[in-house]
Amino acid sequence: MGNLNKVMIIGNTGRDAELRYTANGTAVSDFSMAVNSRRRAQQSGEWEDETEWFQVVLFGDRAERISQYITKGKQLYVEGRLRTRNWDDDQGVRHYRTEVIANNIEFLDRRGEGGGGGDWGGGGGGSRGAAPSDVDDLPFE
């Protein structure tokens, strides 16, 4: 049997994407996303919101093309894979960070809320080089 590492999340960005470059010149952009769900509290039985935070990373041309449009509060659909990396800090303490390596991003904001929509990932829906300026032809309101 084969292996599968795939994650799909819809949520809101917690901060603007940061674009930087590796020593060999590869573009890397990262940002945080909050995904909310509702659950019933064990003690009170009341419904409560639960927020899970994800760190999302983009590489290469995709990072350069769209990182400027990923701003705090945008609603996004992100598809990718999980990766956990680790490193030791200056005091020798081991740190771990699990990230979503994005291969497809879609902007879900409605018109008038930062305008957008569409597939920006190249993961089957094509890529765009600039932010959409006219969203009247989008299939959702």
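These exercises walk through a predicted model of one protein chain.

## Exercise 1: The layout

Task: State how many helices and strands the chain has, and in what order they come.

Solution.
- Start with the count. The chain has 1 helix and 7 strands.
- Then read from the N terminus. The order is β-β-β-β-α-β-β-β.
- Turn to contacts in the chain with a separation of 6 or more. Residues 24 or more positions apart account for 51% of them.

## Exercise 2: Confidence

Task: Find which element has the highest mean pLDDT and which has the lowest.

Solution.
- Take the chain average. The mean pLDDT is 83, and 77% of the residues score at least 70.
- Go element by element. Strand S1 has the highest mean, 97. Strand S7, residues 118-119, has the lowest, 52.
- Now look at residues 122-141. The pLDDT there is below 50. Beyond near neighbours in sequence, this stretch has 34 contacts in the model.

## Exercise 3: Surface and core

Task: Say what share of the chain is buried, and which elements supply at least two residues each of the largest nonpolar core.

Solution.
- The chain has 141 residues, and 32% of them count as buried.
- The accessible surface comes to about 9000 Å². Carbon and sulfur atoms hold 45% of that surface.
- The largest nonpolar core has 18 residues. Those with the most contacts inside it are Phe31, Val56, Leu58, Ile70, Leu76, Val78 and Ile105.
- At least two core residues each come from strands S1 (7-13), S3 (27-40), S4 (47-59), S5 (75-88) and S6 (94-107), and from helix H1 (60-66).
- Take Val78 as a sample. Leave out residues up to four places away in sequence. Val78 then touches Val7, Met8, Ile9, Met33, Val56, Val100, Ala102, Asn104 and Ile105.

## Exercise 4: Salt bridges between strands

Task: For the pairs Asp30–Arg20, Asp49–Arg38 and Glu50–Arg39, give the N to O distance, then place each residue.

Solution.
- Begin with the principle. Side chains of opposite charge can pair when their charged atoms come close.
- A search of the whole structure finds 12 salt bridges.
- First pair: Asp30 and Arg20 meet at 3.0 Å, N to O. Asp30 is in strand S3 and Arg20 in strand S2 (residues 18-21), 10 residues apart. Asp30 has a relative accessible area of 7%, so this residue is buried. Arg20 is partly exposed at 41%.
- Second pair: Asp49 and Arg38 meet at 3.0 Å, N to O. Asp49 sits in strand S4 and Arg38 in strand S3, 11 residues apart. Asp49 counts as exposed at 54% relative accessibility. Arg38 counts as exposed at 51%.
- Third pair: Glu50 and Arg39 meet at 2.9 Å, N to O. Glu50 lies in strand S4 and Arg39 in strand S3, so the salt bridge ties together parts 11 residues apart in sequence. Glu50 is partly exposed at 36%. Arg39 is partly exposed at 35%.

## Exercise 5: A charged residue in a network

Task: Decide whether Glu99 is buried or exposed, then list its side-chain partners.

Solution.
- Locate the residue. Glu99 is in strand S6.
- Check the accessibility. Buried means under 20% relative accessible area. Glu99 has 2%, so this residue is buried.
- Find the polar contacts between side chains. Glu99 joins Arg83 at 2.5 Å. Glu99 also joins Arg97 at 3.3 Å.
- Widen the view. A network of salt bridges links Arg15, Glu18, Arg20, Asp30, Arg83, Arg85, Arg97 and Glu99.
- List the contacts, leaving aside neighbours within four places in sequence. Glu99 is in contact with Gln55, Val57, Arg81, Leu82, Arg83 and Arg85.

## Exercise 6: The surroundings of Asn12

Task: Work out which backbone oxygen lies 3.1 Å from a polar atom of the Asn12 side chain.

Solution.
- Asn12 is in strand S1. Its relative accessibility is 33%, so Asn12 counts as partly exposed.
- Gather the contacts, not counting residues up to four places away in sequence. Asn12 touches Ser32, Met33, Ala34, Gly73, Lys74 and Gln75.
- Pick out the oxygen. The backbone oxygen belongs to Gly73.
- Add one distance. Asn12 and Thr71 are 59 residues apart in sequence. Their C-alpha atoms are 9.5 Å apart in space.

Note on methods: Residues are numbered from 1 along each chain as its sequence is written. This is a predicted model: local features need pLDDT of at least 70, side-chain atom pairs count only at pLDDT 80 or more; totals for chains, interfaces and linings use all residues. Side-chain values use heavy atoms; hydrogens and water are left out. A nonpolar core is a set of buried Ala, Val, Leu, Ile, Met, Phe, Trp, Tyr and Cys residues joined through side-chain atoms within 4.5 Å. Buried means under 20% relative accessible area, exposed over 50%, partly exposed in between (1.4 Å probe, protein chains only). Helices (H or I, at least four residues) and strands (E, at least two) are DSSP runs, numbered from the N terminus. Contact means heavy atoms within 4.5 Å. Accessible areas come from the Shrake-Rupley method with a 1.4 Å probe; for residues, only the protein chains shown count as cover. pLDDT is the predictor's confidence in each residue, from 0 to 100. A salt bridge is a side-chain nitrogen of Lys or Arg within 4 Å of a carboxyl oxygen of Asp or Glu. A polar contact is a pair of N or O atoms within 3.5 Å; within protein, one must be able to donate a hydrogen and the other to accept it, and residues adjacent in sequence count only if both atoms are side-chain atoms.
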